[in-house]
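Hi,

Here is the structure I promised to pass on to you. Have a look at it first, and then read my notes underneath.

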Amino acid sequence: MRGFLASSIGVTCAAALALPLTLPAAAGTASAPPAQPTSGARSAPTTAEPALPSSTESLPLAPRTSDRTLGAAPEQGLTRDDVHRFSLVGVTWSDPDTELRGRVQVRTRATDTGEWSGWQDIDTHNEDHGADPGTAERDSGRVHGSTAPLWVGDSDGVDVRVKADTAAARAVENTTRTAETTTRAVENTTRTVENRSSPLPAGLHLELVDPGAEAPPAGARPTANRASGTPLAATELPALSKQATERELVALRGKAQPYIGPRPRIVTRHGWGADEKLREKGFVYTKKVKAAFVHHTATGNNYRCSQAPSVIRGIYRYHVESSGWRDIGYNFLVDKCGTIYEGRAGGVTKAVMGAHTLGFNTDSMGIAVLGTFGSAKPSSAAVNAIARLTAWKLGLYGVNPRGKTYLKSGGGNLYRKGKNVRLNVISGHRDGFATECPGRQLYGKLGSARSTSARFQGR
């Protein structure tokens, strides 16, 4: 078993700096992943277990109306006041290649006051995240379509409604009417055609996630794996000066790096309480880090910085248990106070393949700011954290944050598979995929992040 220190204070500065910086010889998986369920299979709803710090309750949605008069759209939903406590919600469906064309809204009952919130929209455009087509993670057979997760705070009651948009409903109605006229089917057959032609995806489920306690219990701690590049049991990697960062690089690589930013403070997975038993074993690496894609999590802005670890634990469980990914999708996360968190496991210095920008996960890293930034402005602390993180991480690979680079598309709605695409080294998610992410307000700050990052590198 992994040897954890009794206190992170016991980790000396020298030990914390001793991160393996050598890159893998080639892209690939460090160890084989476990066997996966057959394609299309949905695992049974997860219930709380004494050995786990968090839980997920997965509830099937039911039709709420079949009214087609006046162009009314089909709707599914659920109202429950007897669920396990939860703080994060989302909606999933069976086929990850099917788009949910409609609106998802939720209201929740606060545990402390018993009062119901107003209706909140959940971002349905989440297909732009995830593993690239043709990869083992994407083709595992356990990936589902999913909305973005929404942070709602400690709750014990929920009301959700999923309504197809009118255009989609009308298209299905016209198809159904054609089938009725052509086949003159009996009533039962007609109903079957309507069900098969629903404008909403099949297998809609409501996911209620409890992020649990601040840290996993001792029994849930993982077996030691020094390939991760993170000091055992360290809750954070302390910030280094530029000179100390350069000296550490010389000690570990035997040569200097002329342009690298000082390493920022990074809260490790152990620091935010990741239960390592949730994710798949082993790590998947690419050859290098040539670009950074900036995202927002679309989880809303209604969280305190002290709650950020809980929000991340909720996203982690949602990505793995509900969406069916091998681990949390982002390589790093940043909260509104500018704290940087380690994301996907495999080592903060290494080229870990994430599931953040569909089609461009190879040779890139994903940085997600906790929040929603379509109309809300990101904090200056969060933008500065993006600059500090990219100055260091891109500097490890000799990359200029103000430069351009080429990435080969793995397939998406902007670029065909195999196309070499010229991108900013620091790009927004929308640069690689037609999406609103990272939100208009955060996207508008990327120019400033590029300049500041380059300055931190000494360029």
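Let's begin with R317: at 1% relative accessibility, this residue counts as buried. Keep in mind as you read that the model is a predicted one.

R317 has a charged partner, since the side chains of R317 and E321 meet in a salt bridge, 3.9 Å from N to O. Both sit in helix α6 (residues 308-322), and because they are 4 residues apart there, about one helical turn separates them. E321 is partly exposed, at 25% relative accessibility, whereas R317 is buried.

Salt bridges also form a network here: R269, E276, R279 and D327 are joined into one through shared partners. Searching the whole structure turns up 16 salt bridges.

From that network, R279 is a good residue to click on. You'll find R279 in the loop between α5 (269-272) and β13 (284-285). Buried or exposed, then, with R279 at 15% relative accessibility? The cut-off for buried is under 20%, so R279 counts as buried. Its salt-bridge partner E276 lies 2.6 Å away, N to O, and E276 is buried as well, at 13% relative accessibility. The two side chains also make a polar contact, again at 2.6 Å. Leaving out residues up to four places away in sequence, R279 touches R269, Y316, R326, D327 and A345.

For another salt bridge, go to D121 and R103, where the closest N and O atoms are 2.7 Å apart. This pair links distant parts of the chain: D121 belongs to strand β7 (residues 120-122) and R103 to strand β6 (residues 102-110), with their positions 18 residues apart. D121 counts as partly exposed at 42% relative accessibility, and R103 is partly exposed too, at 47%.

Now for the nonpolar parts. The largest nonpolar core has 31 residues, and those touching the most other members are F332, V334, I340, I367, V369, I386 and W392. At least two residues of this core come from each of β14 (291-296), β15 (332-334), β17 (364-369), α7 (380-396) and α9 (446-456). Which element gives the largest share of this core? That would be α7, with 8 residues. Try I386 as a way in: not counting residues up to four places away in sequence, I386 touches V294, I367, V369, L442 and A449. There is also a second, separate core of 22 residues, with V83, V89, V104 and L206 included.

Last, the sheet. An open sheet is formed by 7 strands, in the order β11-β12-β16-β15-β17-β14-β20, with mixed pairing. Why is one side of β11 (236-237) and of β20 (426-428) left without a neighbour in the sheet? Both stand at the edges and have a single partner strand each, so nothing in the sheet pairs with the other side. In the case of β11, the pairing is with strand β12 (residues 266-267), antiparallel and over 2 bridges. To find the spot, look for L237, whose bridge partner in β12 is I266. At the other edge, α9 lies across β14 and β20, and runs at about 165 degrees to β20.

That's what I have so far. Enjoy exploring!

Best wishes

Methods. Residues numbered from 1 in each chain as written. Predicted model: local features only at pLDDT ≥ 70, side-chain atom pairs only at ≥ 80, totals over all residues. Heavy atoms only, no water. Buried < 20%, exposed > 50% of the residue type's maximum accessible area, 1.4 Å probe, protein only. Polar contact = N/O pair within 3.5 Å; in protein donor to acceptor, adjacent residues only side chain to side chain. Contact = heavy atoms within 4.5 Å. Salt bridge = Lys/Arg side-chain N within 4 Å of Asp/Glu carboxyl O. Core = buried A, V, L, I, M, F, W, Y, C linked by side-chain atoms within 4.5 Å. Pairing = 2+ DSSP bridges. Axes fitted to C-alpha atoms, helices over the stretch in contact; angles between N-to-C directions.
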